[in-house]
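Open the model in your viewer and keep the selection panel at hand. The stops below go from whole chains down to single residues.

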Amino acid sequence: MSEVLKAPLVVEFPFTRSLGPVQSAFLTGLRERVVLGVRTSDGRTLVPPVEYDPVTADELHDLAEVAPTGTVTTWAWNHAPRRGQPLTTPFAWVLVRLDGADTALLHALDAPGPDAVRTGMRVRIRWAPERTGAVTDIACFEPYDGGPAPLTGRTDGHAGPVTGIVAAARLDYTYSPGRAQSAYIAGLADRRTLGERCPSCRKVYVPPRGACPTCGVPTADQVEVGPRGTVTTFCIVNIKAKNLDIEVPYVYAHIALDGAGLALHGRIGGIPYDQVRMGLRVEPVWTQDARYPDHYRPTGEPDAEYDTYKELL
Amino acid sequence: MTRDIAVVAFAQTDVLRTTDELSEVEMLMPVLHSVLDRTGLKTADIGFTCSGSSDYLAGRAFSFTLALDGVGAWPPISESHVETDGAWALYEAWTKLLTGDADTALVYSYGKSSPGSLRDVLTRQLDPYYVAPLWPDSVALAALQAQALIDAGATDESALAAIGARSRQDATANPHAQLSGPVRQGDYLVRPLRTGDCPPIGDGAAAVILAAGQRARELCERPAWIRGIDHRIEAHALGVRDLTDSPSTRLAAEKAGAFERPVDTAELHAPFSAQEVVLRRALELGDDVRVNPSGGALAANPMMAAGLVRIGEAAARIHRGASDRALAHATSGPCLQQNLVAVLEGEPR
């Protein structure tokens with residue numbers, strides 16, 4: 001059995017999210033160093049504010065300012081901060097009920113050590129020097145010895161409300177395609193195409209994924225297929241893809257490699273696009289150092305009879 | 001129309017820290033075959049198939065569609081998928097059988113946590129506006145809950161350590177467990193939680209077969225009849241909730257009929273030691289109830305499968321006569337946000 005392949009895989013996405021009126025007011029407020037909550041019909045003030053009452057599901061819009069000071073309701077000491085977290089030095093995660101609020105906000109507390117943190121301790125917001133209208137405009141909380149800080153009296157009228165956020169995310173993986181696909185990829189490095197035969201229905205799958213989707217059994221019997229094959233069906237591509245260095249129109253085809261039980265995809269070259277046809281016999285064209293065929297070109301053989309590939313369409 | 005529906009077979013993989021050599025479908029296939037073999041059913045005999053998994057674990061879109069290769073989805077089958085723990089896939093299959101549209105169902109779920117950094121991956125299920133930008137990881141959020149419990153006087157660090165120790169001790173009888181026997185309580189991961197309070201990170205899969213009425217009796221000597229299932233959810237904002245309580249678990253248990261008669265066994269999906277404290281209180285479990293004889297999630301917590309495993313383990317105890325009435329619980333989301341409770345019974349012997 002060949003070695004199982006592994007490679008880094010990074011998934012990154014800048015999720016661009018629009019805000020409703022309540023979230024917009026809250027994040028705009030943070031940019032202006034004002035903390036807004038939302039009032040419920042029974043008089044509670046929710047901070048951070050939500051658009052619908054979690055108890056009654058009523059729509060909420062009655063904004064109210066709360067103080068930038070508050071009380072820790074629970075905490076956890078994080079001695080090894082991870083990427084993306086608010087502080088790079090050890091800190092406490094805290095839920096803080098701001099003065100004037102009935103619910104708690106999650107954030108980080110900058111403290112010298114776990115012995116300096118306790119439930120019930122007083123804290124205040126440390127604002128980020130540059131604020132953009134995001135929850136990270138609160139840099140963190142810091143210990144504070146005192147009563148509720150005064151309110152600014154501002155609840156709306158901020159110039160240029162924040163209407164959206166970009167929630168950047170990045171996750172790192174070490175991806176392995178598993179045994180069957182590793183063997184397939186390793187074969188391609190030697191310019192060989194390897195399929196796997198189902199022990200039950202005898203069909204040869206290429207690329208193999210380790211299972212026969214018809215019989216639901218593992219495939220293990222490795223079979224080399226091709227290199228030549230037959231075009232079973234095709235389409236003519238007329239729109240150029242971004243960053244793709246191929247002149248349009250070109251032909252993209254399903255190609256049943258000799259010995260394979262199903263067709264794989266490939267581009268057809270070496271023949272005018274309007275002369276490609278079902279049954280055309282083709283062979284792979286490799287470019288230097290390529291990990292897979294660049295395209296397939298006609299072999300010059302007579303076309304395959306329809307009956308020889310009709311089950312592979 | 002009412003129909004009695006039972007779990008008639010259960011299979012699971014060994015849970016391992018890494019399974020690089022296996023794709024998801026390669027990991028899954030042995031349990032699918034195993035669970036079918038136990039009933040003598042073939043794919044073509046199954047009326048409905050439902051699975052649970054998450055693309056975020058693999059880092060790849062629509063990863064569940066490839067796993068279908070292991071089921072044998074040709075000729076076409078009736079199939080559905082939930083992007084969460086397989087316990088919820090079982091719930092969907094149970095409702096499908098209740099309607100009478102099918103007499104048997106195959107439920108499976110799987111998760112490979114090894115390709116990514118699980119603590120980071122799980123942050124992506126949090127509120128994207130106020131919480132996810134801070135990247136609070138799954139252990140940190142569980143630690144906030146644990147501290148709230150300690151402050152409330154409901155537990156302390158040594159009691160939490162005892163939960164971890166008991167779980168790993170029980171797991172010595174479970175060949176599929178990832179951690180068993182004496183396990184060091186370890187250093188703080190996020191205080192007050194130590195490594196011993198946290199679940200191992202592992203890859204694994206599980207599968208269950210459900211059958212209705214007489215079909216269940218044909219397929220299993222002692223079917224584990226599902227007397228009720230319910231699942232409930234709480235507000236996603238952690239600061240709105242009382243983290244020392246789990247009203248959603250209590251309500252789900254009530255609706256599932258858990259409080260009508262005592263249970264003898266409870267398989268609780270409590271990935272963190274402190275969460276067992278919360279669940280025992282919410283479910284009013286007495287000291288005479290055998291909790292997590294399998295070792296529970298502190299011994300093996302394959303993402304998206306650990307909840308289905310709880311139902312499977314509870315059912316398996318009924319199948320072999322070790323339990324007559326068992327409760328199974330599954331959770332999803334931070335700090336027990338979503339909870340599912342199933343009540344299973346065997347007929348008198």
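Begin with charges, and remember throughout that this is a predicted model. Select Lys, Arg, Asp and Glu in chain A. The mean positions of its 32 positive and 36 negative charges lie 4 Å apart.

**Chain A as a whole**

Show chain A as a cartoon. Expect 3 helices and 20 strands. Now turn the chain along its principal axes: the C-alpha trace spans about 90 × 40 × 40 Å. The radius of gyration is 31 Å, whereas a compact globule of 313 residues would come near 20 Å.

Switch to a surface. Chain A exposes about 15700 Å², and carbon and sulfur atoms supply 50% of that area. Color by burial next: 46% of the 313 residues of chain A count as buried. For contacts in chain A with a separation of 6 or more, residues 24 or more positions apart account for 57%.

**Chain B as a whole**

Move to chain B. The cartoon has 11 helices and 12 strands. Its radius of gyration is 19 Å, close to the 20 Å from the globule rule for 349 residues, so chain B is as compact as a globular protein of that length. The C-alpha trace of chain B spans about 55 × 45 × 40 Å along its principal axes.

Repeat the surface and burial views. Chain B exposes about 12000 Å², with 50% supplied by carbon and sulfur atoms. Buried residues make up 65% of its 349 residues. Of the contacts in chain B between residues at least 6 apart in sequence, 79% join residues at least 24 apart. For charges, chain B has 31 positive and 44 negative ones, and their mean positions are 3 Å apart.

**The nonpolar cores**

Which residues have the most contacts inside the largest nonpolar core? Select A:Val35, A:Leu98, A:Leu109 and A:Phe141; the core they belong to has 83 residues. Then add helix α6 of chain B, residues 138-151. This helix gives the most to the core, with 9 residues.

Center on A:Phe141 and show its neighbors. Leaving out residues up to four places away in sequence, A:Phe141 touches a list that includes A:Val94, A:Val96, A:Leu98, A:Leu105 and A:Leu109. Polar and charged names also appear on that list, among them A:His107, A:Asp110, A:Arg124 and A:Arg126.

Another core lies apart from the largest one. It has 37 residues, including B:Phe10, B:Cys50, B:Ala305 and B:Ala314.

**An enclosed helix**

Select residues 273-283 of chain B, helix α10. Why is this helix largely enclosed by the rest of the structure? Because 9 of its 11 residues are buried. Display side chains to find them: B:Ser273, B:Ala274, B:Gln275, B:Glu276, B:Val277, B:Val278, B:Leu279, B:Ala282 and B:Leu283. Step past the end of α10(B) to B:Glu284, which has a positive phi near 55°.

**Two cis peptide bonds**

Go to A:Gly226 and A:Pro227. A cis peptide bond joins them, with omega about 5°. A:Pro227 sits in the loop between β15 (221-225) and β16 (229-237) of chain A.

Jump to B:Trp74 and B:Pro75. Here too a cis peptide bond is found, with omega about 0°. B:Pro75 lies in the loop between α3 (63-67) and β3 (79-82) of chain B.

**Two positive phi values in loops**

Select B:Phe62, a residue other than glycine with phi near 55°. It is in the loop between α2 (55-58) and α3 of chain B. Is B:Phe62 buried or exposed? Exposed: the relative accessible area of B:Phe62 is 57%.

Now select B:Cys335. Its phi is positive, about 55°, and it is not a glycine. Look for B:Cys335 in the loop between β11 (325-332) and β12 (338-345) of chain B. B:Cys335 counts as buried, at 4% relative accessibility.

**Last stop: A:His265**

Return to chain A and select strand β18, residues 264-268, where A:His265 lies. A:His265 counts as exposed at 52% relative accessibility. What does A:His265 touch, not counting residues up to four places away in sequence? The partners are A:Tyr252, A:Ala253 and A:His254. Finish with a distance: A:His265 and A:Ala304 are 39 residues apart in sequence and 18 Å apart in space, C-alpha to C-alpha.

Notes. Residues numbered from 1 in each chain as written. Chains lettered and ligands numbered in written order. Predicted model: local features only at pLDDT ≥ 70, side-chain atom pairs only at ≥ 80, totals over all residues. Heavy atoms only, no water. Helix = DSSP H or I, 4+ residues; strand = E, 2+ residues; numbered from the N terminus. Rg over C-alpha atoms; globule rule 2.2 N^0.38 Å. Buried < 20%, exposed > 50% of the residue type's maximum accessible area, 1.4 Å probe, protein only. Contact = heavy atoms within 4.5 Å. Areas by Shrake-Rupley, 256 points an atom, 1.4 Å probe, with all protein chains shown as cover. Lys, Arg positive; Asp, Glu negative; His and termini not counted. Charge placed at Lys NZ, Arg CZ, Asp CG, Glu CD. Core = buried A, V, L, I, M, F, W, Y, C linked by side-chain atoms within 4.5 Å.
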